[in-house]
Structure formats: C-alpha cells, structure tokens
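Please open the structure in your viewer and keep the selection tool at hand, because each stop on this tour begins with something to select. Take the stops in order, and pause at each one before moving on.

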Amino acid sequence: MPPLIGFDEALELGALTDHDEIGALVERAWEVRQDRFGDSTDMCSLVNAKSGGCAEDCGFCAQSRYAEADTPMHAMMEPDQILEHAKAAEAAGAHRFCMVTQGQGLSKRDFAKILEGARLVSEETNLKRCASIGHMSADRARQLKQAGIQRVHHNVEAARSYYPEVSTTVRYEGRLRTIDAVKEAGLETCVGGILNLGESPRQRVEMAFELAEINPDSVPINLLNPRTGTKFGERELMDPWDVVKWVAIFRLILPDALFRLCGGRVENLQELAPLAVKAGLNGVMMGNFLTTLGVEPAEDREMFEELGLNVARQPDNGANPRPDNRSGWLEGESPATPIDDLIDNQADANFWDPSTQLRVIKKKGKPPAYPERPSDVGVGEPQPAGWGD
C-alpha cells in the first residue's frame, strides 16, 4: 500500500512539538495499526552470534575498529549455542528469533554455523527465523532459505542523502544490492534505520519514503544510544515525545510494514514506551540487544496487553500476521511447544546476556581516525520524482 501521507505533510507533522497535537497524531497512527493488523503482535528476540573487531567505520557502533571505545567481542557461536538462546527467547514469549553477526559478511566456516543454527531452530522451536549477517549474494540467501530462514534483516541506517556521514566503508548501494538479493531468493525483508544520528527532520522523512520504495515486510526502528568513543558518542538522547512522534509518522508512511522498536528504546523512551506502542508498533525486541541490556519479558508483554493487543505465544508459529512457510520447504509438522507457561524475567532462562557473554577488549594504541566522507556523494543528491511536490 502506498503512503497515507505525502512528503510535505510528513514534514509538517515532524515539526509538531505540542504534546496534545502529538497525541492526536498517535491516535491517527493507532487506527492505521488496528486496521492493518488488528490485535496481533510480532515480538522478536536476538542473539549476538558474533561480535567485535569490525573493520567498518559505522559511526554509531562501538564494534568498529575506528571507535575509541573498548571493543565488545566474542567468536562465532556454535549452532547448539544459538539453539539454546532461541529456546530462551521462545520461553519468554518471542514469536521470532534473529541470528546477528558483525561486519560486511561471513567466512565460509562462520556461514556454515549460521546455516546449521537455523536448521536447529527450525526443527526444535516454534519460532519464526531471521538472520542479520551483512552483505550476501542471492546464492547465500537461497542457502539461508533452504536452512529454514524466512526473513533477512539488512538496514539502510539513514536517508541516502545523510548516509555518507554514517559510513564510508559500507556503501549505501551495497546495502540495496543485498536487499535485492534477499528478495530474489524469495525471502522476506527487514529493513530500517537509526534515528538521531545528526540527520535533519527532512532526512528522516526522506528515509521513510526511501523505505516505502524498498517496501520491506518489517521495519525496525533503532534510536541512537550514544557510545562514548564513537563518532556519534557525544549526542544527546532523543526527547521521548519526539520518538513517539516519529514512530507515528513512519507508520503513516509505511502502513503495511511490521514495525518494531529495537536498540536504544529503553534509554530514549523512558516512561513513554507504551505511548510509542500505540503510535503504531507491532512489536519490540524482547530480551537484550547486541551489546546492551533490555527489559524483562513480563514488562514488555504487559505493555502491549494493556492496549488490548495479543502477545500470546503462537502454536501455529505465528500465522497472524505473517505465515510460517514451513510447509513450503521444511518437512514435517511444527514442533509441539507448550503455550501456557511463559517466563517473566531473564534470570529464568539462558537469554543472550551481553554483560556476561561479551569480553571487553582494550584497544592497543589510538585507533585510526574515521575516514573522511567521499567527495562524490552528499546532501545534494537528487531525490525521486514527486518528492516534496
């Protein structure tokens, strides 16, 4: 479905500061969310399957070799470790599980571990399966599909016009090629970005409309959690009302996408987290994030249930709002999964826990300076026809 608002109206909504006016915007987005998805939810959890030592220069990330921050590291997980974390996510009420690794891509050995981990999660849980493993070819995407992966996550991170400020070593065009490869393989796409990297309100609207052109199944919204020693480490957190406003604007521009808030939501939203849900979210990232701690499962479930949304575990592996394609390429019935008892806190299961499972490595000497942005790209790049008309 095309956006429900135009570029100029989105800019006008982005300028709102009055809380009552933002509240009215939230009600508008809530109606769209209910119309498209009813009371269904789509709760995610992840495992940081390989962390640290990244050669890229993404300015928000402490894993970058260019960041002065100490590097959080661990080697590639074994497939049975991936499965253990998936079972913990399922016990907490997550509907889907994502295997995440750092860097632009994986070695053959590490990719084989992701494939085997995906097979185990497919065979032994009732979770929908996702992967976020950097750039890939259509052939690798097809191998992921054969192993049971249903959706691949690969963010654009920012508007095309602002992207050179975010990364120079990972090109925007390369991100689009990976997204195209994922679609070519017949997999669902999960494509979003990060707010508060220094982009203008106009560039936030640009990113939303660029995402509408990509038309992903799922849109994760991350909020910068400034990490000391990174390029964006000295930025202030977003105002919680500003976060809520932009969630609602993105919902109106991408009415049919599954929206979730991921990294930075705890630090940026504070007590307004429930209002952000009403602004159009289908789910959140349950448990912990890649390198930071999250929220207890019971708190996340309660936040959605108070709005009348259904967060119950799905015995049919989440037929609503997105079907499991198990019958398409995986043999056998979905495994029996108890759906009555859910754990309420992370101590009750072996969740991914960055506070205990990451090693913090001191960098030797001063890291190299962040590369200069390329001179051949910039804010003046042409926008698609019709934008701002």
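Begin by selecting Cys58 in this predicted model, and then look for the cysteine sulfur closest to its own, which belongs to Cys54 and lies 6.4 Å away, too far for a bond. A disulfide is a covalent bond between the sulfur atoms of two cysteines. Since a pair of sulfur atoms has to be within 2.5 Å to be counted as a disulfide, the 6.4 Å between Cys58 and Cys54 is too far. Cys58 is buried, with a relative accessible area of 11%.

Move the selection to Cys54 and ask which cysteine has the sulfur closest to that of Cys54. The closest sulfur is in Cys61, at 6.3 Å, and this distance, too, is too far for a bond. Cys54 has a relative accessibility of 9% and therefore counts as buried. With the cut-off of 2.5 Å, the count of disulfides comes to zero.

Now clear the selection and show the whole chain as a cartoon. The protein has 14 helices and 11 strands, and of its 389 residues, 58% are buried. If you consider the contacts between residues at least 6 apart in sequence, 80% of them join residues at least 24 apart.

The next stop shows two such partners in space, so select Val284, which has its place in strand β10. Is Val284 buried or exposed? With a relative accessible area of 2%, Val284 is buried. Add Cys44 to the selection, and you will have two residues that are 240 apart along the chain, although their C-alpha atoms are separated by 6.3 Å. Apart from its neighbours within four places in sequence, Val284 is in contact with Met43 and Cys44, with Arg260, Leu261 and Arg265, and with Asp300, Met303 and Phe304.

From there, follow the chain to Phe289, in the loop between β10 (283-284) and α12 (297-305). Although Phe289 lies in a loop, its relative accessible area is 4%, and Phe289 is therefore buried. Select Cys262 as well: Phe289 and Cys262 are 27 residues apart in sequence, and from C-alpha to C-alpha they are 7.5 Å apart in space. If you leave aside the neighbours within four places in sequence, the contacts of Phe289 include Leu46, Gly263, Val266, Trp352 and Pro354. Arg265 is worth displaying here, as this residue is in contact with Phe289 and also with Val284.

Two pairs of helices come next, and for the first you should select α1 (residues 7-14) together with α9 (residues 240-253), whose axes come within 10 Å and cross at roughly 165 degrees. That angle makes α1 roughly antiparallel to α9. The contact is made by Ala10, Leu13 and Gly14 on the side of α1, and by Lys245, Trp246, Ile249, Leu252 and Ile253 on the side of α9. Sorted by character, the residues of this contact are six nonpolar, one polar and one charged. The crossing in which α1 passes α9 is right-handed.

For the second pair, select helix α5 (residues 138-147) and helix α7 (residues 172-184), which pack with their axes 8 Å apart and at an angle of about 45 degrees. The two helices α5 and α7 are therefore oblique to each other. Their crossing is right-handed. To see where they touch, display Ala138, Ala141 and Arg142 of α5 along with Ala181, Val182 and Glu184 of α7, the residues that make the contact. What is the division of the residues in the contact of α5 with α7? Four of them are nonpolar, none is polar and two are charged.

Finish with two asparagines, starting with Asn196, which lies in the loop between β7 (193-195) and α8 (201-214). Asn196 is not a glycine, yet its phi is positive, at about 85 degrees. Its relative accessibility is 5%, so Asn196 counts as buried. Then select Asn215, which is found in the loop between α8 and β8 (218-223). Asn215 has a positive phi of about 60 degrees, although this residue is not a glycine either. Is Asn215 buried or exposed? At 54% relative accessibility, Asn215 counts as exposed, whereas Asn196 counts as buried.

Definitions and conventions. Residues are numbered from 1 along each chain as its sequence is written. This is a predicted model: local features need pLDDT of at least 70, side-chain atom pairs count only at pLDDT 80 or more; totals for chains, interfaces and linings use all residues. Side-chain values use heavy atoms; hydrogens and water are left out. Axes are lines fitted to C-alpha atoms, for helices over the stretch in contact, and angles run from 0 to 180 degrees between N-to-C directions. Helices (H or I, at least four residues) and strands (E, at least two) are DSSP runs, numbered from the N terminus. Angles under 35 degrees count as roughly parallel, over 145 as roughly antiparallel, 65 to 115 as roughly perpendicular and the rest as oblique. A crossing is left-handed if the near helix is turned anticlockwise from the far one by less than a right angle, and right-handed if clockwise. Contact means heavy atoms within 4.5 Å. Ala, Val, Leu, Ile, Met, Phe, Trp, Tyr, Cys and Pro count as nonpolar, Asp, Glu, Lys and Arg as charged, and the others, Gly among them, as polar. Buried means under 20% relative accessible area, exposed over 50%, partly exposed in between (1.4 Å probe, protein chains only).
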